[in-house]
Amino acid sequence: MMSFIFNVFGISFAMMCIVYKSAANSLPELSPQKYFSTLQAGKASLAYFCQADSPSTSVFLEELNKAVKPLQDYGISVAKVNCVKEETSRYCGKEKDLMKAYLFRGNILLREFPTDTLFDENAIIAHVLFALLFNEVKYITTLEDLQNIENALKGKANIAFSYVRAIGTPEHRAVMETAFVYGTTYQFVLTTEIALLESIGIEDIERAHLYFLHCKLVLDLTQQCRRTLMGQTLTTLNIYRFIKTMEAPLLTEVAEDPQQVSTVHLQLGLPLVFIVSQQATYEADRRSAEWVAWRLLGKAGVLLLLRDSLEVDIPQQANVVFKKEEGMPVEYLVLHDVDLVISHVENNTYIEETQEDEDDDMDEGPDMGIQDDEVAESVYRDRKRQLPLELTVELTEETFNKTVMASDSIVLFYAGWQAVSMAFLHSYVDLAVKLKGTSVMLLTRINCADWPDVCTKQNVTEFPVVKMYKKGEDPVSYSGMLGTEDLLKFIQLNRISCPVNITSVQEAEEYLSGELYKDLISYSSVSVLGLFSPTMTTAKEDFTEAGKYLKGYIITGIYSEEDVLILSSKYTATLPALLLARHNEDKVESIPLANTHAQEIVQIITNALLETFPEITVGNLPTYLRLQKPLLILFSDGSINPQYQKAILTLAKGKHLDSVIPCWLNLENTPVGREILKAYFGALPPLPVLVVVNLHSGGQVFAFPSDQAVTEQNLLLWLKKLEAGLENHITILPAQEWKPPLPAYNFLQMMDAAASQYPTRKGPECMKETNIQENDEEQHEDKSAVRKEPIETLRIKHWNRNNVFKAEKSVRHDKEL
């Protein structure tokens, strides 16, 4: 029956992925054109696009193959599509786009998943169902949210409230599969917040839990809904059995032989408890039986056995009859205390439940409680921290347009169910604290879990996203690091135009010296000025486009007055030219721009910002790795030895180190460097130490001889030996990828993507979104289709799911109130 229902629902799940021979028999291969031509209205499809010549992702495909059979049971098909190099679809475009799976309904894009969130069979199924069951499963973060939902549903419906440790776990999948069937019968509520579980009073917070909240029978709004905790582990079968027992009558009266009695509880593998009653004590016995029934709800069926009407004899002293299984002889017991009845039942089912728990734990996979990921760590660390959210304005569907049109605004788009969003929310509130009383920008936020329509219309498909809205301008997206200081820099540098128009030689000199915007020097130590003659229209347009693209990250200006030759002569610049002023060095560098397009100008500026001998940090490492050169790293326990610094800088300025990236790492600021050195040497060597690490080809690590002084001559001779292959490596780094314990929170990948955006993007951030839509409207599979299609309500009850992103207003408003 369940299989028939899922087939009626008719979800089509298409996973297009990288060519992998062992999966070819399971996953049909399609071209992009063939795939989009097979999309049907009302049917969902999850697609992963791939280049045919890309390296295989065997681990991902192995997990996907495991999910094929379960997905087929839900009427979900699995396929893959290979892109060709000539394909211009946005899904076959940039390499970073090939790291996402796209969930469609028909030709409407519903959701994007980074592929590392689909890290195993359970995660694949859980994420897809979570997206499709957006209305049926309400995600909450606070006890107040839960209380609001309870109050709204009192006298109307019951609630299935569950806590799972993370999205994509086996327990999360089990909840989603159950919600798929019962989503219109009960209100499902989900959280991953340990603090919420603690506030309810659960001591064992190391495992997932599910409560059944009996709100339908509560007519007094001041009365709290009774809660029943599911005692078994959260598997689909266990949750199904638990909910079926919640649907069964709390107490049933019988007047027949207990050996012949059978209820749904026995069919589900649960025992029966008969409370023996007689006419003289009926009322008291019934109250006792109801009390026992509430205590054993979900663990056993409870019946009131009327002795006076029973033809079969029961021992005179027996007041409880226990039936463990169908067909087994019943036990006649004498138990004069309710707690003794409860203990007898629990003692007779304890071994089975313990064994099931152990089996589930073995299959659970990685320990979700042990990880070194910064995102999860920060969320856990700040879980009890009270945020001053009143410093930011919470937006809704009704207030969004009015707010951003009435004032210059910063909007944080986030999802309450996502760890990265909740971690960044702390940084965003810290930003509000720093700007309190000083900023002309209104800091706002909108939870896309509550208001998905708004986020869809604003082209927000990933979380968190920060956008700046100014009157008369198109919104500008922030794409930097997810931290308070980087976001503060973005906001402060956006106070000026992109680029600023300089109108006199004197103003240009003040601009280059930093005096014109001296309050912004702390956010950008470099100022860029483009010099053009008035007739250089095309060159000015290219520079203006590049300046708009870099808005919020660096100060750019443009000068094209008649007396521009005064500046070009002073700084020996041939027009068109770019002047790059480094304020901390009191130096102005001239770079020619003849026949240079906008993207090339962006590349020139970003490369010019790179330091000659930088200190490597978590923030800037992806920027330097992107250059694809070996790293010449000086590991130091504190500040650099001036002699070493002078030798390396001299060689770098003499162009002797162009084949490597000279840098240094301060172990006091970046303690992980000690573990890196231990991996290189086997033990921590004496510091300072100089090494060359060839990350991009071979993984060899070479150490500068410890018995030699770091001088220009010795260092140059050593590097020449390396190039000639005359030096032996101390170790070879393993070839496998470096990943966090839980790939769903791949923070380094996010940083790498942000750092590599400058040279790869095709247009400025200031480009009008309407223009983007017009350029791409011919490709029906593009994101523009998401913005233009109407969004309709998802209803499992009628098995007619047209879109998953419009929540039921009657439930959604509970949180707002």
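Partly exposed describes a residue whose relative accessible area falls between the buried range, under 20%, and the exposed range, over 50%. Keep that cut-off handy for these exercises on a predicted model.

**Exercise 1.** Find which residue forms a salt bridge with glutamate 346, and work out whether glutamate 346 is buried, partly exposed or exposed.

*Solution.*
- Step 1: The partner is lysine 299, with the closest N and O atoms 2.9 Å apart.
- Step 2: Glutamate 346 sits in helix α11, while lysine 299 is in the loop between α10 and β14, so the pair ties together parts that are 47 residues apart in sequence.
- Step 3: Glutamate 346 has 32% relative accessibility, so it counts as partly exposed.
- Step 4: With 29%, lysine 299 also counts as partly exposed.

**Exercise 2.** Now try the salt bridge between aspartate 450 and lysine 138: decide whether each residue is buried or exposed.

*Solution.*
- Step 1: The closest N and O atoms of this pair are 3.1 Å apart.
- Step 2: Aspartate 450 belongs to the loop between β19 and α15 and lysine 138 to strand β7, so parts 312 residues apart in sequence are tied together.
- Step 3: Aspartate 450, at 5% relative accessibility, counts as buried.
- Step 4: Lysine 138, at 11%, counts as buried too.

**Exercise 3.** Work out which strands stand at the edges of the open sheet that contains β27 and β29.

*Solution.*
- Step 1: Write down the order of the 5 strands, β28-β27-β29-β30-β31, with mixed pairing.
- Step 2: β28 and β31 each have a single partner strand, so they stand at the edges.
- Step 3: Further in, β27 and β29 pair in the antiparallel sense over 5 bridges, and leucine 632 stands opposite valine 692 in β29.

Note on methods
Residues numbered from 1 in each chain as written. Predicted model: local features only at pLDDT ≥ 70, side-chain atom pairs only at ≥ 80, totals over all residues. Heavy atoms only, no water. Pairing = 2+ DSSP bridges. Helix = DSSP H or I, 4+ residues; strand = E, 2+ residues; numbered from the N terminus. Salt bridge = Lys/Arg side-chain N within 4 Å of Asp/Glu carboxyl O. Buried < 20%, exposed > 50% of the residue type's maximum accessible area, 1.4 Å probe, protein only.
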